[in-house]
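Work through the exercises below with the structure open. Each task is followed by its solution.

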Amino acid sequence: MLVTLEGIDGSGKTTTISSLQEVYPTAVYTLEPTDSWYGDAVRNSIHANNADPLAELFLYMADHAYHLQTIIIPALDDGKLVISDRYIDSRYAYQSASLDGIIEDPLSYIEKIHQPWTILPDLTLYFDIPPELGAQRSGSTNKFEQISFLKKVHDNYEQIISKNPDRFVRIDASLPTEDVIQAVIKSISNSL
Ligand code: TYD
């Protein structure tokens, strides 16, 4: 089973993962951008204020292709529970925002170019926080962490959730960490 964690910057996904490791010790924990040279290319781009948004989309997709082939598919074939900190919906939400006004209907385009070769998650936990809180918690240190950008990303996540209501579970990530962790564990165990 493939579980993905999604949300805007500062939504607290990464903090939750260390607690999940205690509850599901045999699961495979992974993330996008990956720890690989593809992921390094993406991270270089995140910190480049003049990065081309279309080029950036394809860097993220290259990293996703690598992630699928080297980590996701082998672990699923082994029957493992796979938990990924960010996955396709990050592209759908973030790159739709960065390509807004550059290409027509970016969300449909990004979905279309993933669809032939990606694997959809069985469950996606959406860590919901207001964009103002996300910007404050993340420290607004790069171009993606600015309130105006996070507002667009937040709207895009809402659009994706309304199109895929069966795959998503919304987690109120503005609650205290312990409550967030309990809600996450409950959703995963309900789906196992
Ligand atoms: P991440 O390392 O998860 O950052 P954080 O831990 O601060 O949430 O992701 C890095 C940034 O890259 C984050 O701002 C989200 C963005 N991102 C995209 O724009 N598209 C993507 O496909 C992915 C995976 C991440």
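A polar contact is a pair of N or O atoms within 3.5 Å. The model used here is predicted.

**Exercise 1.** Find which side chains make polar contacts with the ligand, and state the distances.

Solution.
1. Start with the nitrogen side of the ligand: a polar side-chain atom of Q95 is 2.7 Å from a ligand nitrogen atom.
2. Turn to oxygen: R86 places a polar side-chain atom 2.8 Å from an oxygen atom of the ligand.
3. Y60 has an N or O atom in its side chain 3.0 Å from a ligand oxygen atom.
4. On its own the ligand has 540 Å² of accessible area, and the protein covers 82% of that area.

**Exercise 2.** Describe the shell of residues around the ligand by class and by element.

Solution.
1. List the neighbours: D9, K13, E32, P33, I46, Y60, R86, S90, R91, Y94, Q95 and F144 surround the ligand.
2. Sort them: 5 are nonpolar, 2 are polar and 5 are charged.
3. Assign them to elements: α4 contributes the most, with 4 residues.

**Exercise 3.** Where does the ligand sit, and what lines that place?

Solution.
1. The ligand sits in the largest pocket.
2. That pocket holds about 580 Å³ of space.
3. Its lining has 31 residues, and those closest to the centre are D9, K13, T14, D85 and R86.
4. Two or more lining residues come from each of α1 (13-23), α2 (37-46), α3 (53-77), α4 (88-98) and α8 (177-191).
5. By class, the lining of the largest pocket divides into 11 nonpolar, 10 polar and 10 charged residues.

Note on methods
Residues numbered from 1 in each chain as written. Predicted model: local features only at pLDDT ≥ 70, side-chain atom pairs only at ≥ 80, totals over all residues. Heavy atoms only, no water. 1 Å grid on protein atoms, 1.4 Å probe; cavity = no way out; pocket = protein on both sides within 12 Å on 5 of 7 lines; lining within 4 Å. Points joined across faces, edges and corners; volume = space filled by probe spheres on them. Nonpolar A, V, L, I, M, F, W, Y, C, P; charged D, E, K, R; others polar. Near = heavy atom within 4 Å. Polar contact = N/O pair within 3.5 Å; in protein donor to acceptor, adjacent residues only side chain to side chain. Areas by Shrake-Rupley, 256 points an atom, 1.4 Å probe, with all protein chains shown as cover. Sits in = over half its atoms within 2 Å of the grid points.
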